[in-house]
Amino acid sequence: MAALNIISQPPTSSFLNFKIKNSFDNGPLYVPNKPTLSSVAKQLSKSGSGCSWMQGSSTCFNAAAANDRRRGIVYSVFPTKPAQVSSVQDLYEFICSGPLLEKMGFTPESVAESVDKWLAYGLHLCRLFQLGEFELNIPQKVRFYHYYIPVFLWCEDQISQHMSGYKEGEDIPPLVIGFSAPQGCGKTTLVFALDYLFKITGRRSATISIDDFYLTAEGQAKLREENPGNALLEFRGNAGSHDLPFSVETLTALKKLNKEGTKMKLPRYDKSAYSGKGDRADPSTWPEIEGPLSVVLFEGWMLGFKPLPVETVKAVDPQLETVNKNLEAYYDAWDKFIGAWIVIKIKDPTCVFQWRLQAEIAMRDAGKPGMSDEEVKDFVSRYLPAYYAYLPTLYSEGPSGSDPKHYILIEIDEGRNPILGN
């Protein structure tokens, strides 16, 4: 999306009111039936993703209530009385204060021209997360209007650019968008929200994680035996613990899912199997998706990591030498399939420990099984060497093969919210 000149004065309330009135005179928005949230809620809790930004609301994830609220007619939240117009103006100004706006090529003028879309997407997200559209607190508004919606609109533009590269009548493969983000920073929730917005707007999308490509329990045991004493390869996680041929097979099949009636099952990984050591889930439980797909959302904590000189990684942790060697095969297995990149940057990898600890404490407080503080420390310690070794290069150079026109770096703070950054 080409950047436009920033206008000196924001549009007036009357202009915004005119835009909104003309956009919604044709009736209420319709939200179709969507898959239940229960499986996603479980995934979020297992992955360590929380909803701290939803604190202060009456609910976090209630699948039954969400399904009830997401059926049938959902009436517009936009103001119809003159006295309410100021609240729309306030929201418009709040959108324009977002740290990602200029970075993603938006201006106050372009926001005003498309304010109906921004407000409609905000409504959909309120429905998805079971939040009152008139009752959003500041963290929730930030998450929706400064983060999720700008990222969604950027992805929409990337898909449009991707499709424009093909001639009429040609089969267009889905665009694979890669999300590289450390554990616990909220990438699973972000991808979940984007997937929902794509479906709401009529695009078929699929989501997959690098976790879904872990070795089977048998393969992981063999890896452990082949690398005795290497704590970084004792359990799943680091480069070497993924089934790369299976990754290529799956991503190739997804790219071919571009015709009506084509179907495939998406692999999933069961982290609870074998007392938490994990195993590939039974194929009978894998979700089925149907083409034609417009976009594949591919997320992972180490997407885009590239091998470094041996001396560099050994200076961080000698055990990384084998991991670094394994990493050489990952570009062809993962990164080359990705046409657009979103890299989420953190200031300090120790945030990962704090985020994971918060999630486990919340699980224990809720009466669910959770790791102890010491277990969290041990778990995260197996990932930190890779973060310290590979993140600086990822942030400074971007992923291998990435095009600056199809790549964006988003810096977040300890609250998992976007900031201006560098």
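Biologist: In this predicted model, what share of the accessible surface of the chain belongs to carbon and sulfur atoms?

Modeller: The model is a predicted one, and the accessible surface of its chain comes to about 19,400 Å². Of that surface, the part that belongs to carbon and sulfur atoms is 52%.

Biologist: How many of the residues of the chain, as a percentage, count as buried, and how many helices and strands are there in the chain?

Modeller: The chain has 422 residues, and 52% of them count as buried. As for the secondary structure, the chain holds 16 helices and twelve strands.

Biologist: Among contacts between residues at least 6 apart in sequence, what percentage join residues at least 24 apart?

Modeller: The contacts in question are those in the chain whose residues are at least 6 apart in sequence. Within that set, the share that joins residues at least 24 apart is 80%.

Biologist: Where is L297 found, and is L297 buried or exposed?

Modeller: L297 is found in strand β9, which covers residues 295–300. Leaving aside neighbours within four places in sequence, L297 is in contact with several residues, including I177, F179, V191, L194 and F198. A340, 43 residues from L297 in sequence, is 10.0 Å away from L297 in space, C-alpha to C-alpha. Because the relative accessibility of L297 is 0%, this residue of β9 counts as buried.

Biologist: At roughly what angle do the axes of helix α14 and helix α15 cross, and what is the handedness of the crossing?

Modeller: Helix α14 spans residues 350–365 and helix α15 spans residues 373–381, and their axes come within 10 Å and cross at roughly 145°. The handedness of the crossing of α14 and α15 is right-handed. The contact is made on the α14 side by V352, F353, R356, L357, E360 and R364, and on the α15 side by D373, V376, K377, F379 and V380. By class, the contact of α14 with α15 has six nonpolar, no polar and five charged residues.

Biologist: Which residue forms a salt bridge with R356, and are the two partners buried or exposed?

Modeller: R356 lies in helix α14 together with its partner, four residues apart, about one turn of the helix. R356 counts as buried because its relative accessibility is 14%, under the 20% limit. The partner is likewise buried, with a relative accessible area of 3%. In this salt bridge the closest N and O atoms are 3.2 Å apart, and the residue that pairs with R356 is E360.

Biologist: How many salt bridges does the count come to, and how far apart are the closest N and O atoms in the salt bridge of R203 with E156?

Modeller: The count comes to 16 salt bridges. The pair of R203 and E156 links distant parts of the chain, with R203 in the loop between α8 (187–200) and β4 (205–209), E156 in helix α7 (residues 138–164), and their positions 47 residues apart in sequence. R203 is buried at a relative accessible area of 16%, and E156 is buried at 17%. The closest N and O atoms of R203 and E156 are apart by 2.6 Å.

Biologist: Is K325 buried or exposed, and which residue forms a salt bridge with K325?

Modeller: K325 has a relative accessibility of 53%, so this lysine counts as exposed. Its partner in the salt bridge has a relative accessibility of 48% and therefore counts as partly exposed. With the closest N and O atoms 3.3 Å apart, the residue that forms the salt bridge with K325 is E328.

Biologist: Which peptide bond is cis, with omega near 5°?

Modeller: The proline concerned, P292, is found in the loop between β8 (288–290) and β9. The peptide bond that is cis, with omega near 5°, runs from G291 to P292.

Biologist: What is the phi of Q130, and what is the phi of S275?

Modeller: Q130 has its place in the loop between α6 (115–128) and α7, and at 4% relative accessibility Q130 counts as buried. S275 is found in the loop between β6 (269–270) and β7 (279–280), and at 80% relative accessibility S275 counts as exposed. Phi is positive in Q130, a residue other than glycine, with a value near 60°. S275 is not a glycine either, and its positive phi is about 55°.

Definitions and conventions: Residues are numbered from 1 along each chain as its sequence is written. This is a predicted model: local features need pLDDT of at least 70, side-chain atom pairs count only at pLDDT 80 or more; totals for chains, interfaces and linings use all residues. Side-chain values use heavy atoms; hydrogens and water are left out. Axes are lines fitted to C-alpha atoms, for helices over the stretch in contact, and angles run from 0 to 180 degrees between N-to-C directions. Helices (H or I, at least four residues) and strands (E, at least two) are DSSP runs, numbered from the N terminus. A crossing is left-handed if the near helix is turned anticlockwise from the far one by less than a right angle, and right-handed if clockwise. Contact means heavy atoms within 4.5 Å. Ala, Val, Leu, Ile, Met, Phe, Trp, Tyr, Cys and Pro count as nonpolar, Asp, Glu, Lys and Arg as charged, and the others, Gly among them, as polar. Buried means under 20% relative accessible area, exposed over 50%, partly exposed in between (1.4 Å probe, protein chains only). Accessible areas come from the Shrake-Rupley method with a 1.4 Å probe; for residues, only the protein chains shown count as cover. A salt bridge is a side-chain nitrogen of Lys or Arg within 4 Å of a carboxyl oxygen of Asp or Glu.
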